[in-house]
Each structure stands twice: as C-alpha cells, then as structure tokens.
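Visitor: Please choose one part of this molecule and take me through it closely. Plain words and short sentences suit me best.

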Amino acid sequence: MTSRQHRRRVRVWFGEHVIAQYVAEAPLAARYEQAMRRRFAGLRVTNDILGPQEHADN
C-alpha cells in the first residue's frame with residue numbers, strides 16, 4: 001500500500017441517518033458497497049472518495 005492510494009467511505013443510509021459506515025482503500029470499499037447493496041436493497045448506499053492517506057506504511 002502506498003500513500004498515493006485513495007481511501008473511500010461507504011455509507012448505508014436510512015432516510016437521512018447513516019446506519020453503517022466503512023472506510024478502506026478502493027477495492028475493499030467497492031466489495032463492501034456491493035455487499036451492503038445486496039443486504040439493504042431498499043436503502044441508499046454511497047461510496048465517496050476521502051483522498052490520499054496522510055502517511056505511508058513503512
């Protein structure tokens with residue numbers, strides 16, 4: 001993992017309330033998003049970019 005990878009925030013919404021939230025790199029966030037869309041088919045699921053990580057893993 002490099003400091004250039006972008007994190008994403010996936011949220012599951014019940015109306016205007018967030019009932020679940022997950023932050024991870026793009027591939028993991030996409031996987032979580034798909035799982036939440038299957039589990040909560042009637043609710044809105046968003047996947048937003050958070051930007052680059054602040055530090056690199058050494």
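Guide: Start with one term: a residue is buried under 20% relative accessible area, exposed over 50%, and partly exposed in between, with a 1.4 Å probe and protein chains only as cover. What you see is a predicted model, in which local features need pLDDT of at least 70, side-chain atom pairs count only at pLDDT 80 or more, and totals for chains, interfaces and linings use all residues. Residues are numbered from 1 along each chain as its sequence is written, and side-chain values use heavy atoms, without hydrogens or water.

First, the setting. The protein has 58 residues, and 26% of them are buried. There is one helix, and there are three strands. (Both are DSSP runs, numbered from the N terminus: helices are H or I with at least four residues, strands E with at least two.) From the N terminus, the order is β-β-α-β. Take residues at least 6 apart in sequence that are in contact (heavy atoms within 4.5 Å). Of those contacts, 56% join residues at least 24 apart.

Our part is strand β3, which covers residues 44–52. We will visit V45, T46 and N47 in turn.

Begin at V45. It belongs to the largest nonpolar core (buried Ala, Val, Leu, Ile, Met, Phe, Trp, Tyr and Cys residues joined through side-chain atoms within 4.5 Å). That core has six residues, and the other members are V10, V12, A20, A29 and M36. Two elements, β1 (6–14) and α1 (26–39), each give the core at least two residues. Now look at what V45 touches, skipping neighbours within four places in sequence. The list holds V10, V12 and M36, which we just met, and also R11, E33 and R37.

Step along to T46. This residue sits in strand β3. Buried or exposed, with a relative accessibility of 16%? T46 counts as buried because of that 16%. Its side chain has a partner. T46 and W13 are joined, side chain to side chain, by a polar contact of 3.1 Å. (A polar contact is a pair of N or O atoms within 3.5 Å; within protein, one must be able to donate a hydrogen and the other to accept it, and residues adjacent in sequence count only if both atoms are side-chain atoms.) Leave out residues up to four places away in sequence, and T46 touches R9, V10, R11 and W13.

Next comes N47, also in strand β3. N47 has a relative accessibility of 19%, so N47 counts as buried too. Which side chain does N47 meet in a polar contact? The partner is E33, and the two side chains are joined at 2.8 Å. E33 turned up before, on the contact list of V45. N47 has other company. Beyond four places in sequence, N47 touches R8, R9, V10, A29, A30 and E33. A29 and V10 on that list are members of the core.

One general rule helps as you look along this part. In a regular strand, side chains alternate between the two faces of the sheet.

Now view the strand from the other side of its contacts. R11 was on the lists of both V45 and T46. R11 lies in strand β1. A relative accessible area of 17% is why R11 counts as buried. How many residues along the chain lie between the positions of R11 and R44, as a separation? They are 33 residues apart in sequence, yet their C-alpha atoms are separated by 8.3 Å. R11 touches R44, V45, T46 and D48, as well as V18, A20 and Q21, with neighbours within four places in sequence left aside. One of these, D48, also meets R11 in a polar contact between side chains, at 3.3 Å.

So much for the tour; here is a recap. V45 is in the core. T46 has its polar contact with W13, while N47 has one with E33. R11, in β1, touches R44, V45, T46 and D48, among others.
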